[in-house]
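Could you walk me through this structure, one selection at a time? I have it open in my viewer and would like to know where to click next.

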Amino acid sequence: MTDAVDFNQPALRWRRGGLQAIQAVQQVRLDDLLGIETQKARLVTNTAQFVAGAPANHALLTGARGTGKSSLVKALLTQFADDGLRLVEVAPTDLVELPEIVAPLRDAPFRFVLYVDDFSLGATDDTLTALKAALDGSVEAPPDNVLLYATSNRRHLLPEPKSDNLDAHNLDGEIHPGEAVEEKISLSDRFGLWLSFYPFNQAGYLDIVRAHLQRLGSEELTDEARTAALQWALGRGSRSGRTAHQFARHWVGSRQI
């Protein structure tokens, strides 16, 4: 299956042991992502270096749900596809197959970002060893044309039970973490670029609502819409870019029927 893949397609996924081209690629533009200018600039710079053949880092995007982590990775494809960037979607459960995924990419004349969304590992997950080898290389050197961009709600990627802290010990006045904590930190440390995403405050959330309403052809943010937007966020328990976009679609759409 992999041998027949058309690498001219900008997005692919790993499924059932092979690479498949994605025919209908979701179009996300960098300009559509609001309130995350710092994270956007840093990841765009890293990706531009990578596409240009310069050194670049694997990236770990962590933080609150709906704050633009996944959308930002998708928007990179829209920005850089014409420059040779290809996005390969890999499910977290398929990370044990990383050597097989990477093998056909090594000699292809493109730059590949392996995109792993909503990524976390169990404390004894079999993917841990495979992932470390893919990030740093084992005996075989990692390919220069492949990077891993992962999104996660956990910065250290693994659950952190209370028992982990019980393994910590004091030595000459310094706290030394136990082996379980060291194992978790050693994995996240292999990502050279860490980007954190946070929920928006009320003013930031309303600014994003206003922008989405305007892009959908609606009026300015009226007092009625403002109140409804705040109630929408309260009901969702989240002031995020996703929540703002969903409210704007509801508000505009409900007034068109």
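Here is a short tour that goes from the sheet to a strand, then to the helices and a single residue. Keep in mind that this is a predicted model.

**Stop 1: the sheet.** Switch to a cartoon view and show the strands. You should find an open sheet of 7 strands with mixed pairing, in the order β2-β1-β4-β5-β6-β3-β9. Now colour β2 (18-21) and β9 (193-197): these stand at the edges, and each has a single partner strand, so one side of each is left without a neighbour in the sheet. Averaged over the sheet and ignoring direction, neighbouring strands are turned by 25 degrees against each other.

**Stop 2: strand β3.** Select residues 59-63, which make up β3. On one side, β3 runs parallel to β9, and 5 bridges join the two. Two pairs to look for here are Gly63, opposite Phe197 in β9, and Leu61, whose bridge partner in β9 is Leu195. Strand β3 is also joined to β6, by 4 bridges, and these two strands run parallel as well.

Is β3 buried or exposed? Of its 5 residues, 5 are buried, so β3 is largely enclosed by the rest of the structure. Show the side chains to see that both faces are covered: Ala59, Leu61 and Gly63 are buried on one side, Leu60 and Thr62 on the other.

**Stop 3: the helices on the sheet.** Next, select residues 37-51, helix α1. Helix α1 packs on the sheet and touches β3, β4 (85-89), β5 (111-116), β6 (146-152) and β9, with its direction at about 150 degrees to that of β9. Then pick helix α2, residues 69-80. Helix α2 lies across β1 (11-15), β3, β4, β5, β6 and β9, and runs at about 145 degrees to β4.

**Stop 4: Tyr149.** Finally, zoom in on Tyr149, which belongs to strand β6 and stands opposite Ala59 of β3. Tyr149 has a relative accessible area of 0%, so it counts as buried.

What surrounds Tyr149? Beyond its neighbours within four places in sequence, its contacts include Leu43, Asn46, Asn57, Val73, Leu76 and Val113. Show Thr47 too: its side chain makes a polar contact with the side chain of Tyr149, at 2.9 Å. For a last look, label the C-alpha atoms of Tyr149 and Phe191, which are 42 residues apart along the chain and separated by 8.6 Å.

How values were computed. Residues are numbered from 1 along each chain as its sequence is written. This is a predicted model: local features need pLDDT of at least 70, side-chain atom pairs count only at pLDDT 80 or more; totals for chains, interfaces and linings use all residues. Side-chain values use heavy atoms; hydrogens and water are left out. Two strands pair if DSSP finds at least two bridges between them. Axes are lines fitted to C-alpha atoms, for helices over the stretch in contact, and angles run from 0 to 180 degrees between N-to-C directions. Contact means heavy atoms within 4.5 Å. Buried means under 20% relative accessible area, exposed over 50%, partly exposed in between (1.4 Å probe, protein chains only). A polar contact is a pair of N or O atoms within 3.5 Å; within protein, one must be able to donate a hydrogen and the other to accept it, and residues adjacent in sequence count only if both atoms are side-chain atoms.
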